[in-house]
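Please work through the exercises below with the sequence and the model at hand. Each task is followed by a solution in steps.

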Amino acid sequence: MTAEDIRLGTGLYDVVYRRRDTRCEFTGEPVSQEVLLRVLSAAHAAPSVGMSQPWDFVLVRLQATLECFRDHVALEREKFAASLTGERASTFSRIKIEGICESGLGIVVGYDPTRGGPRVLGRHTIDDAGLYSVICAIQNPWLAATAEGLGVGWVSFYREEFLRSLVGMPAHLRPVAWLCVGHVADLPTTPDLERHGWRYRNSLSAVLHSERYSMR
């Protein structure tokens, strides 16, 4: 392994550990077409079961659409907040769950289970392998965006049928994620949910097993 190989490998690990789910840090500065295409190309380079490439990306920039989705997410946030009590309610009230309008760009990632035809190699026994492939096509651009100095926020407080209708996806496509993407003032050193005390990262030893699953 050369010194350059080591340097590039170290850079990859740096990006992995710097990646954050961004909410409050968006500046609103537009992402250039050149950078956006690099990030989307990284998404499209993701591995997929049977090379089915079952993903679609809808770029959303219209202010009216951003605001409509923001309002929908706010309503769903209120419903979730109403289910909490005590300390959890207090903690959640301090957590921002979206940066939809602040980022200025939404990327809706869709899953097409028909892509690749009825006999997708590798999906014979695990039908969800297609959905797993789409998740790879989300992690790839998230890391690429981090390397480009951009922030990404994955918004999941939505009803699938609402988002599908909002961006005009056909009925058989599943909207897997709305990603807020944009320039950020900085990336937090600590994830928001950890910083606010909602959850803390487990140690590797807490989830690592040898040979067979063992109860902790």
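The exercises that follow concern the annotated domain, selected residues, a surface patch and the salt bridges.

**Conventions**

The model is predicted, so local features need pLDDT of at least 70 and side-chain atom pairs count only at pLDDT 80 or more, while totals for chains, interfaces and linings use all residues. Residues are numbered from 1 along each chain as its sequence is written, and side-chain values use heavy atoms, with hydrogens and water left out.

**Exercise 1. Locate the annotated domain and describe its secondary structure.**

Step 1. The UniProt record, an unreviewed entry, places the feature "domain: Nitroreductase" at residues 18–183. UniProt positions follow the numbering used here, feature names are shortened, and annotations may be inferred rather than shown by experiment.

Step 2. Helices (H or I, at least four residues) and strands (E, at least two) are DSSP runs, numbered from the N terminus. The span 18–183 is 43% helix and 17% strand.

Step 3. The C-alpha atoms at the two ends of residues 18–183 are 15 Å apart.

**Exercise 2. Determine whether Glu25 is buried or exposed, and list what it touches.**

Step 1. Glu25 sits in the loop that runs between helix H1 (3–18) and helix H2 (33–44).

Step 2. The classes are buried (under 20% relative accessible area), exposed (over 50%) and partly exposed (in between), with a 1.4 Å probe and protein chains only. Glu25 is buried because its relative accessible area is 11%.

Step 3. Contact means heavy atoms within 4.5 Å. Leaving aside residues up to four places away in sequence, Glu25 touches His183, Val184, Ala185, Asp186 and Pro188.

Step 4. A polar atom of the Glu25 side chain lies 3.3 Å from the backbone nitrogen of Arg23.

**Exercise 3. Place Thr91 and identify the side chain with which it makes a polar contact.**

Step 1. Thr91 belongs to helix H4 (residues 86–93). With a relative accessible area of 2%, Thr91 is buried.

Step 2. A polar contact is a pair of N or O atoms within 3.5 Å; within protein, one must be able to donate a hydrogen and the other to accept it, and residues adjacent in sequence count only if both atoms are side-chain atoms. The side chain of Thr91 makes such a contact with the side chain of Glu87, at 2.6 Å.

Step 3. When residues up to four places away in sequence are not counted, Thr91 touches His196, Gly197 and Trp198.

**Exercise 4. Give the phi values of Met51 and Gln53, and classify the accessibility of each.**

Step 1. Met51 is in the loop between H2 and strand S1 (55–60), and Gln53 is also in the loop between H2 and S1.

Step 2. Phi of Met51 is near 50 degrees, a positive value in a residue other than glycine. Phi of Gln53 is likewise near 50 degrees.

Step 3. Met51 is exposed, at 66% relative accessible area, whereas Gln53 is partly exposed, at 27%.

**Exercise 5. Which residues make the nonpolar surface patch?**

Step 1. Patches consist of residues with over 30% relative accessible area and no salt bridge; like charges are joined within 9 Å, and nonpolar side chains (Val, Leu, Ile, Met, Phe, Trp, Tyr) within 5 Å. Accessible areas come from the Shrake-Rupley method with a 1.4 Å probe, and for residues only the protein chains shown count as cover.

Step 2. Leu12, Tyr13, Val16 and Tyr17 make a patch of about 470 Å². Among them, Val16 is found in helix H1 and is partly exposed, at 36%.

**Exercise 6. Trace the salt bridges of Asp14 and Glu76.**

Step 1. A salt bridge is a side-chain nitrogen of Lys or Arg within 4 Å of a carboxyl oxygen of Asp or Glu. The structure holds 12 salt bridges.

Step 2. Asp14 pairs with Arg18 at 2.9 Å, N to O. Because the two are four residues apart in helix H1, about one helical turn separates them. Asp14 is partly exposed at 38%, and Arg18 is partly exposed at 33%.

Step 3. Glu76 pairs with Lys79 at 3.4 Å, N to O. These residues are three apart in helix H3 (residues 63–82), so about one helical turn separates them. Glu76 is buried at 9%, whereas Lys79 is partly exposed at 46%.

Step 4. Glu76 also meets Arg159 in a salt bridge, at 3.3 Å, N to O. Glu76 lies in helix H3 and Arg159 in the loop between strand S3 (150–155) and helix H7 (160–166), so the pair ties together parts that are 83 residues apart in sequence. Arg159 is partly exposed, at 43%.

Step 5. Salt bridges that share partners also join Glu34, Arg38 and Glu148 into one network.
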